[in-house]
Amino acid sequence: MKNMRLKVLLVLSALTLIFVGFHTSVSAQSNGLGITPKQSYTMQAGQTASNTLTLTNLNQVVPLTVHINVVDFEAKDQSGSAKLLQATDQPQTPWSLKPYLTIPDTVTVPAGGTKQVPFTIKLPANIGAGTYYSAIEYTAARNDNQQQVSLAASTATLMFINVPGNVSELMTLEGFGFTNNNQNDSKYVTLFRHQPEYFAYQIKDSGNVAEQPAGSIVIKNMFGKTVANINNANPKGQLVLIGQTRKFTGCNPESTAPEKVPLDSNCTPLHLRPGFYTANLVIIYGQNGQTARQITAVAHFWYLPWGWLIGIAIILALIIVFIYWLYRRLRHRRHHGRAHHA
């Protein structure tokens, strides 16, 4: 009887834990705010434009009060991550969009619903050509004031405005090569034991326009024959912000379908033969009606797999043994011939 009671208590305890865990998981997943991470527009100086941003309440039960603030941002590191400049005494950046953007301070998003938030951008007639950008930051709280709500995916919409005209465009290449992975902190490699797959390059933007470079990579063997082509050197369509040095990474794509090219899972080895290779990078950039500009770079690397090196070593060893055997045999014949004549 005691054993039966113990078993019942254990079962009830397990069911209680499962229920609590499930309830906690559902609550955590239901909180949050769905936003648009990026907006880009092209506007003439003196032009005014209006549009809306869509906010989605992922909580199916409780409405959310969303506080909206416009802040400047800059590049956090070479990966391209945005760093929001949220300090109250933060100086306005030269590329700030804050003076020209009007948006409500607070909106309420119904439970499980969406809210269209209107905004207006009014550019002065004397604004200079170039790229201007700021971030629309969201802070959400449940209307019952019981808790702050964590935001989904991002806390801000990055807003870019390109003003056509005579802009300053200057980008310089600060590094190029092949790597062992597609991480931004990976180093350039000149000797590969496995098939190379990933490339990387660093570009600095010293102009007043956020640029989206495009380009290609051609790989040639030691005899100058083209053995591989990578036709998209910026597969994710990433930007270089003003004043930023950004590291771009990519790979040899298995499929060139536009929807698959940006995916990391689409990477495949280059299928090279052992030897010495030269990679030629060509980057094209330019916008706002400016003449396209070009950056070129060259990188060299060896592909020498262990199996190939061991095979070469065995062949060399056999050649040495054969030469030694041949030398001993010839020497023996000469010695035998002299003894016979004597």
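Here are some questions and answers about the predicted model shown above.

Reader: Before we start, what is the mean pLDDT of the chain?
Author: Glad you asked. This is a predicted model, where local features need pLDDT of at least 70, side-chain atom pairs count only at pLDDT 80 or more, and totals for chains, interfaces and linings use all residues. Residues are numbered from 1 along each chain as its sequence is written, and side-chain values use heavy atoms, with hydrogens and water left out. With pLDDT being the predictor's confidence in each residue, from 0 to 100, 84% of the residues reach 70 or more, and the chain mean is 83.

Reader: Over residues 1-30, how many contacts does the model have beyond near neighbours in sequence?
Author: Where pLDDT is low, the predicted coordinates should not be read in detail. That applies to this stretch, whose pLDDT is below 50. Counting a contact as heavy atoms within 4.5 Å, the number for residues 1-30 beyond near neighbours in sequence is two.

Reader: How many helices and strands are in the chain?
Author: Helices (H or I, at least four residues) and strands (E, at least two) are DSSP runs, numbered from the N terminus. On that basis, the chain has two helices and 18 strands.

Reader: Is Ser134 buried or exposed, and what is its relative accessible area?
Author: Ser134 sits in strand β9, residues 130-142. Leaving aside residues up to four places away in sequence, Ser134 touches ten residues' worth of neighbours that include Val70, Phe73, Leu97 and Leu158. Buried means under 20% relative accessible area, exposed over 50% and partly exposed in between (1.4 Å probe, protein chains only). Ser134 therefore counts as buried, at 1%.Reader: Which backbone nitrogen does the side chain of Ser134 reach?
Author: A polar contact is a pair of N or O atoms within 3.5 Å; within protein, one must be able to donate a hydrogen and the other to accept it, and residues adjacent in sequence count only if both atoms are side-chain atoms. At 2.9 Å, the side chain of Ser134 reaches the backbone nitrogen of Leu97.

Reader: Which residue shares a side-chain polar contact with Lys236?
Author: Lys236 lies in the loop between β15 (226-230) and β16, and at 43% relative accessibility it is partly exposed. Not counting residues up to four places away in sequence, Lys236 touches Pro262 and Asp264. The side-chain polar contact, at 3.4 Å, is with Asp264.

Reader: What is the volume of the largest cavity?
Author: On a 1 Å grid over the protein atoms alone, a cavity is a set of points where a 1.4 Å probe fits but cannot get out, a pocket is an open set with protein on both sides within 12 Å along at least five of seven lines, and lining residues have an atom within 4 Å of a point. Grid points are joined across faces, edges and corners, and a volume is the space filled by probe spheres set on the points. The largest cavity is lined by 13 residues, with Pro235, Thr249, Gly250, Cys251 and Asp264 nearest its centre. Its volume is about 110 Å³.

Reader: Which strand gives the most to the lining of the largest pocket?
Author: The largest pocket, of about 360 Å³, is lined by 19 residues. Both β5 (82-85) and β10 (156-163) supply at least two of the lining residues. With three residues, the one that gives the most is β10.

Reader: Where does His271 lie?
Author: His271 is exposed, at 62% relative accessibility. Its phi is positive, near 60°. The loop that holds His271 is the one between β16 (245-251) and β17 (275-285).
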